[in-house]
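Here is a round of questions and answers on one protein chain. Look at the model first, then read on.

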Amino acid sequence: MASGGQDPSSIPAEELSRLTDDIIGALKTVYDPEIPADIYELGLIYKIDIDDGRNVDVEMTLTAPGCPVAGEMPIWVENAVGSVDGVGQVKVEIVFDPPWTPERMSEEAQVAVGWY
């Protein structure tokens, strides 16, 4: 769903906020096996869309196109987000534009990998 001309959500703001927080919490349980930090703090999550039916679309990337868990990572993300109370269907799409760079990492992730 494109931002800009998007209609406001029919989900009450308080519930939307809780869902968003819970989804982010779930994403923080998924770790990149090669880097000791979760995928959210690594900056691998580009977009989270929650539609009025509480279905969730996630756009994410990988640290490298040849990532050895490229086939499994979307399933891990789908399972984590799908475990959130109130979430309907989950669709995860891997994108490589824009490419991931270490600058996308949070300070927390930089500390975890010893880059800070």
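Q: Which residues does Glu41 touch, not counting residues up to four places away in sequence?
A: This is a predicted model. Glu41 sits in the loop between H1 and E1. Not counting residues up to four places away in sequence, its contacts are Lys28, Arg104, Met105, Ser106, Glu108 and Ala109.

Q: Is Glu41 buried or exposed, and at what relative accessible area?
A: The cut-off for buried is under 20% relative accessible area. Glu41 falls below that cut-off, so it counts as buried, with a relative accessible area of 10%.

Q: In what order do the elements of the protein chain run from the N terminus on?
A: The protein chain has 3 helices and 3 strands. Helix H1 covers 13–27 and strand E1 covers 45–50. Strand E2 spans 56–60, and helix H2 takes residues 73–82. Strand E3 is 90–94 and helix H3 is 107–112. From the N terminus on, the order is α-β-β-α-β-α.

Q: What radius of gyration does the protein chain have?
A: The C-alpha trace spans about 40 × 30 × 25 Å along its principal axes. A compact globule of 116 residues would have a radius of gyration near 13 Å. The value for the protein chain agrees with that: 15 Å.

Q: What share of the contacts with a separation of 6 or more comes from residues 24 or more positions apart?
A: Of the 116 residues, 34% count as buried. Among contacts in the protein chain with a separation of 6 or more, residues 24 or more positions apart account for 62%.

Q: Which residues does UniProt list for "domain: MIP18 family-like"?
A: The annotation comes from an unreviewed UniProt entry. Over the listed stretch, the chain is 24% helix and 19% strand, and the end C-alpha atoms are 18 Å apart. The record gives residues 21–92.

Q: How far from Asp32 is the nearest side chain of opposite charge?
A: Side chains of opposite charge can pair when their charged atoms come close. Asp32 is buried yet has no salt bridge. A salt bridge needs nitrogen and oxygen within 4 Å. The nearest side chain of opposite charge belongs to Arg104, at a distance of 13 Å.

Q: Which backbone nitrogen does the side chain of Asp32 reach?
A: Asp32 lies in the loop between helix H1 and strand E1. Its contacts include Ala37, Ile39, Leu42, Leu44, Thr63 and Met73, not counting residues up to four places away in sequence. At 2.8 Å, its side chain reaches the backbone nitrogen of Glu34.

Q: Which residues does Ala80 touch, not counting residues up to four places away in sequence?
A: Ala80 lies in helix H2. At 9% relative accessibility, Ala80 counts as buried. Not counting residues up to four places away in sequence, Ala80 touches Ala26, Thr29 and Val30.

Q: Which peptide bond is cis, with omega near 5°?
A: Look in the loop between strand E3 and helix H3, where Pro98 is found. The cis bond, with omega near 5°, runs from Asp97 to Pro98.

Q: What phi does Arg54 have?
A: Arg54 is found in the loop between E1 and strand E2. Arg54 is partly exposed, with a relative accessible area of 23%. Although Arg54 is not a glycine, its phi is positive, about 65°.

Q: With which residue does Asp22 form a salt bridge?
A: Asp22 is partly exposed, with a relative accessible area of 32%. Its partner is 4 residues apart in helix H1, so the two are separated by about one helical turn. The closest N and O atoms are 2.7 Å apart, and the partner is Arg18.

Q: Which residues are linked with Lys47 in a network of salt bridges?
A: The whole structure has 5 salt bridges. Lys47 meets Asp49 in one of 3.7 Å, N to O. Lys47 also forms one with Glu59, the closest N and O atoms being 3.5 Å apart. That pair links distant parts of the chain, with Glu59 in strand E2 and Lys47 in strand E1, 12 residues apart. The network thus joins Lys47 with Asp49 and Glu59.

Conventions:
Residues numbered from 1 in each chain as written. Predicted model: local features only at pLDDT ≥ 70, side-chain atom pairs only at ≥ 80, totals over all residues. Heavy atoms only, no water. UniProt positions renumbered as here; feature names shortened; annotations may be inferred. Buried < 20%, exposed > 50% of the residue type's maximum accessible area, 1.4 Å probe, protein only. Lys, Arg positive; Asp, Glu negative; His and termini not counted. Polar contact = N/O pair within 3.5 Å; in protein donor to acceptor, adjacent residues only side chain to side chain. Contact = heavy atoms within 4.5 Å. Rg over C-alpha atoms; globule rule 2.2 N^0.38 Å.
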